[in-house]
Amino acid sequence: MKGQEYAAAGRVRIVRQSPELIDGFVRGSQMYVVRVECVVEDGVPVVSLGCSCPYFDQELEPCKHLWAALVAACDAGWADGAGLDSMAADDMDVIPIPVGDLLALEGLQATLPGLTAAPGPGDLFLKSLDT
């Protein structure tokens, strides 16, 4: 799998990691911002995730960059802290983070120059659902 290959090749840089959060960058055809956040709301695990790559922006589905970041973080023990290791995917709510919101996250733009918070197709689609 590409995500595992990216992690093994050192193409992942985690800039912030806590039991609930992974913020980082993954080098694909260019550098992409990734975020995975896991919280428990009313006893249900809620996973918010996002990547600035075109695939995620258009499809709003997990991509190889998110997988690479998860593999790298789990190799460093992240799943134990987040409590994800014992949960089935069907037991979680998964919420996509629009690319514009992802790129506007505090501190990430300063970490990687050249990022912009311009809305992409995924942002526009989600915004249309609010109306």
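This passage describes the sheet of a predicted model, a helix packed on the sheet, and several individual residues.

Residues are numbered from 1 along each chain as its sequence is written, and side-chain values use heavy atoms, with hydrogens and water left out. As the model is predicted, local features need pLDDT of at least 70 and side-chain atom pairs count only at pLDDT 80 or more, while totals for chains, interfaces and linings use all residues.

An open sheet is formed by 5 strands in the order β1-β2-β3-β4-β5, with mixed pairing. Helices (H or I, at least four residues) and strands (E, at least two) are DSSP runs, numbered from the N terminus, and two strands pair if DSSP finds at least two bridges between them. The edges are held by β1 (12-18) and β5 (93-96), each of which has a single partner strand, so one side of each lacks a neighbour in the sheet. From one strand to the next the twist averages 15°; axes are lines fitted to C-alpha atoms, for helices over the stretch in contact, and angles run from 0 to 180 degrees between N-to-C directions. Helix α3 (residues 64-75) packs on the sheet and touches β1, β2, β3 and β4 (44-51), contact meaning heavy atoms within 4.5 Å. The direction of α3 makes about 65° with that of β3.

Strands β2 (residues 21-27) and β3 (residues 31-41) are paired in the antiparallel sense over 7 bridges. Phe25 stands opposite Val33 in β3. Asp23 lies in β2 and counts as buried at 0% relative accessibility; buried means under 20% relative accessible area, exposed over 50%, and partly exposed in between (1.4 Å probe, protein chains only). The side chains of Asp23 and Arg35 are joined by a polar contact of 2.6 Å, that is, a pair of N or O atoms within 3.5 Å; within protein, one must be able to donate a hydrogen and the other to accept it, and residues adjacent in sequence count only if both atoms are side-chain atoms.

Glu37, in strand β3, is partly exposed, with a relative accessible area of 29%. Glu37 and Leu21 are 16 residues apart in sequence, yet their C-alpha atoms are 4.4 Å apart in space. Beyond neighbours within four places in sequence, Glu37 contacts Glu20, Leu21, Val46, Val47 and Ser48.

His65, in helix α3, is buried, with a relative accessible area of 5%. With neighbours within four places in sequence again left aside, the contacts of His65 include Tyr6, Val26, Tyr32 and Cys51.
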